[in-house]
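Colleague: I have the sequence and the model open, could you walk me through a few spots in them?
Modeller: Gladly, just ask as we go.

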Amino acid sequence: MINTQKPKIWYGGDYNPDQWEKPIWDEDLRMFKLAGIDVATLNVFAWANNQPDEDTYEFGWLDEMMDKLHADGVGVCLATSTAAHPAWMARKYPDVLRVDFDGRKRKFGGRHNSCPNSPTYREYSVKMAEKLAERYKNHPALLIWHVSNEYGGYCYCDNCAAAFRTWLQERYGSIDVVNKVWNTSFWGHTFYDWDDIVPPSSLSEEWRGWNGRTATNFQGISLDYCRFQSDSLLDCYKLEYDALKKQTPDIPITTNLMGAYKELDYHKWAKHLDVVSWDNYPSLDTPYSYTAMMHDLMRGLKGGQPFMLMEQTPSQQNWQPYNSLKRPGVMRLWSYQAVARGADTVMFFQLRRSVGACEKYHGAVIEHVGHENTRVFQECADLGSELYKLGDSLLDARVKAKVAILFDWDNWWAVELSSGPTIALKYVEELHKYYSAFYQANIAVDVVGVDAELSGYDFVLAPVMYMVKPGVAERIERYVENGGTFLTTYFSGIVDENDRVTLGGYPGELRKLLGIWSEEIDALLPTQSNRIMLKSSIDGLEQSYNCGMLCDLIHSEGAEVIAEYGEDFYKGMPALTVNKFGAGEAWYVATSPDVTFLQDWLPKLCAARGIEPLVTSAPDGVETTLREKDGVSYLFVLNHNPGASVVSLGQQSGVDLLSDKQLSGNVELAGRDLWIIKLEA
Ligand code: GLA
Ligand code: ZN
């Protein structure tokens, strides 16, 4: 449990009373009560208020608000306020200001804007964390610490350059090793001295390439800069973490993550979070399966431990191009989608809509009209009372999956820093294609890192595992030898952790396991496609499917060829293979197939391995998950469709925790409604 002081699904969100006059505060508290809000995230952007100059700290407003909230039974998720530095700091200590990708020194403005290697930022952010911990360590409202906010962005300043050199010295020991792993003899880039190394920005090795994606001359240096900047921001987080822990060893600490946020390696970060929390902002046209995958990714960061939904909007965003309202019922449904996938909190940005600046049109529980008679408030209040009713029944319940998809940030960076073979390849999109086929088939999936324990899974997929990090190939081999099923695709097994090609034939370290050799890689134009032709028919599958983007030209070295290409000069070469390896098997999908192929095929592979769907059948738009606790299973069935859907529960039956109805057989679920069925054993 995140904090046993509040044994229920926490309900509340970002609250900024520091932006308001006091008479409003009492109104807020009155309405929080009406909405069933029991957690408020305070102090996210209040650094300027709390520390008006170098030597003065003023927490009067926070003292008062913490007390008031506590008196009303509202716990506090207390932020450290270090996500936007105060103006005096920028004026006096310009080292806090970042230098951007184009080498421009930033001026005061924005947020999430401090250089992570600024001595000033580090000193004052830690001091602030210490002050807060000292002051509130015994405050009964304090439930959890929220360090900074949505860490992100890179800096290219001289302090970062110097810290990068130190980071490289620690990682590689000598400049000779750096020259070797970055292959700097290419284009005469040999470094003689550590000081020759500068951050890869648009002033040196990088530029904005096709599709606005960062392009580079040297993947090795760019990759290491991503790692280094992620580590630098993580160091800032860790410094605050340590300062807080020292004084409040029993209070959990988190920082809010952002799903598949490219710039930070969240697998590394999660090791230093007591609980993962994240901010979920899908737009009207985000596939439900994509949001589901993000929840699963966040759950996977800490081995399936429940996470916090730290932010979502009750109604609309302000920063998307088209900020649609969540339709009636959707806020509730998406809140439960998070719970269904492992969240133990439902929290919003924000509780009251601000009066000025760029977020004044961002949705909030309390809107500009200022009273509770709004659609949004009523929906929030209804959800609030439902969450009270659920009590602690679901807290700490685990999602169990037999299928895992491997997700790796280093690999993501490397795939998309690659010059060739195609700009069309987007790592997360390819993963989502596979994920969505399981989602549609109601088969639970974990999304985990490449160093996760695999033995508990029956089926492990690593689409586009371009980079094979040390030890990973051996671990996958052992997994397959022991009976596991592994699947990977084109553009896998190509490079090592420094983006150096594994010589001797693709897919490098995975070649033996897969029993194939990939001789060439063809990149297709967006207007071109090829066909995957099954060699013999498989029940329930078409004889052929469209494929494209990349086509590996492979030879079997022992693998059985299941399908071949139907067109072009490589017609008849293998497009889908399986290799028996020990007690298990390893599949290779040599091209990017239409999702229909994966939808038809992957559930069959699962069925053959005894991996069952969670319900017998459910129409498109119905999502299912299972959480387990103390031997009891809770089946979530969510209907994303605006109209009713009939769901076949098969042999399963039980009581819906929300409506108290007994459900079994074929049941109709209303549009945008859901069940949480406590299954009978
Ligand atoms: C992020 C931030 C919040 C707020 C919301 C708006 O998630 O953490 O401070 O800006 O976006 O959607
Ligand atoms: Zn910097």
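**Strand 3 and beyond**

Modeller: Strand 3 (residues 75-79) is largely enclosed by the rest of the structure, because five of its five residues are buried, where buried means under 20% relative accessible area, exposed over 50% and partly exposed in between, with a 1.4 Å probe and protein chains only. Helices (H or I, at least four residues) and strands (E, at least two) are DSSP runs, numbered from the N terminus.

Colleague: What are the ground rules for the model itself?
Modeller: This is a predicted model, in which local features need pLDDT of at least 70 and side-chain atom pairs count only at pLDDT 80 or more, while totals for chains, interfaces and linings use all residues. Residues are numbered from 1 along each chain as its sequence is written, chains are lettered from A and ligands numbered from 1 in the order in which they are written, and side-chain values use heavy atoms, with hydrogens and water left out.

Colleague: Back to strand 3, which residues are on each side?
Modeller: G75, C77 and A79 lie on one side and V76 and L78 on the other, and all are buried, so both faces are covered. In a regular strand the side chains alternate between the two faces of the sheet.

Colleague: And which strand does strand 3 join through T41 and C77?
Modeller: Strand 2 (residues 39-42) runs parallel to strand 3 and is joined to it by four bridges, with T41 opposite C77; two strands pair if DSSP finds at least two bridges between them. Strand 4 (residues 142-146) also pairs with strand 3 in the parallel sense over four bridges, and there W145 is the bridge partner of L78.

Colleague: Changing topic, how many salt bridges are there?
Modeller: The count comes to 41, a salt bridge being a side-chain nitrogen of Lys or Arg within 4 Å of a carboxyl oxygen of Asp or Glu. One of them joins the side chains of D72 and K33, at 3.8 Å from N to O. That pair links distant parts of the chain, 39 residues apart, with D72 in the loop between helix 3 (60-71) and strand 3 and K33 in helix 1 (residues 22-35).

Colleague: Is K33 buried or exposed?
Modeller: K33 is exposed, with a relative accessible area of 56%, whereas D72 is partly exposed at 29%.

Colleague: Last one, where is N442 found?
Modeller: N442 is in the loop between helix 14 (427-440) and strand 14 (445-448), and it is buried, with a relative accessible area of 5%.
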